[in-house]
Each structure stands twice: as C-alpha cells, then as structure tokens.
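Reader: I'm new to this one. Could you take me through the salt bridges closely, pair by pair?

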Amino acid sequence: MGVRKRQSAELHKEAKKNQAFAKLLDVPSSPRKMRLVVDMIRGKEVFRALGILKFSNKEAAARL
C-alpha cells in the first residue's frame, strides 16, 4: 500500500470514529425499501427523525 493511500485510509478511519452506526438485523424487508426510509431521516436531528418515522406511511418506518 502506498504512503498516500495509507494516510488517506487512516484519515478516513479517524473520521468514522466520530459517527454513529446502527445495524438492523433479522427484519423481513428488502434493503431497497429500508434504504428509502433511511434516506428520509439521514442527517436529521433525533426528535425530528422520530417524528418523520412516526408519520410515514412506509411499513419499513415502523420496523426502523
């Protein structure tokens, strides 16, 4: 691995430490349908995202 690529990978790794990740397992829904709902709330504040999920007509919103 080249020096620049290694430095870039380390910077990317450090940036990911400041982000929160969530995994949803064992849900009988397609990833495409779930991604539509997740894209609606990505980057929103927590309470605003919960409100969006509460009033969404998508079934995946209730599972999320």
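Author: Here's a walk through the salt bridges, one pair at a time. This is a predicted model, where local features need pLDDT of at least 70 and side-chain atom pairs count only at pLDDT 80 or more, while totals for chains, interfaces and linings use all residues. Residues are numbered from 1 along each chain as its sequence is written, and side-chain values use heavy atoms, with hydrogens and water left out.

Side chains of opposite charge can pair when their charged atoms come close. A salt bridge here is a side-chain nitrogen of Lys or Arg within 4 Å of a carboxyl oxygen of Asp or Glu, and that rule gives 3 salt bridges.

Let's start with Glu 14 and Lys 17, whose side chains meet at 3.5 Å, N to O. Lys 17 counts as exposed because its relative accessibility is 56%; Glu 14, at 44%, is partly exposed. (Buried means under 20% relative accessible area, exposed over 50%, partly exposed in between, with a 1.4 Å probe and protein chains only.)

Next up, Asp 39 pairs with Arg 42, and their closest N and O atoms are 2.5 Å apart. Asp 39 has a relative accessible area of 42%, so it's partly exposed, whereas Arg 42 is exposed at 55%.

Then there's Glu 59 with Arg 63, at 2.8 Å from N to O. Both sit in helix H4 (residues 59-63), 4 residues apart, or about one turn of the helix. Helices (H or I, at least four residues) are DSSP runs numbered from the N terminus. Glu 59 is exposed, at 56%, and Arg 63 is partly exposed, at 35%.

How values were computed. Helices (H or I, at least four residues) and strands (E, at least two) are DSSP runs, numbered from the N terminus.
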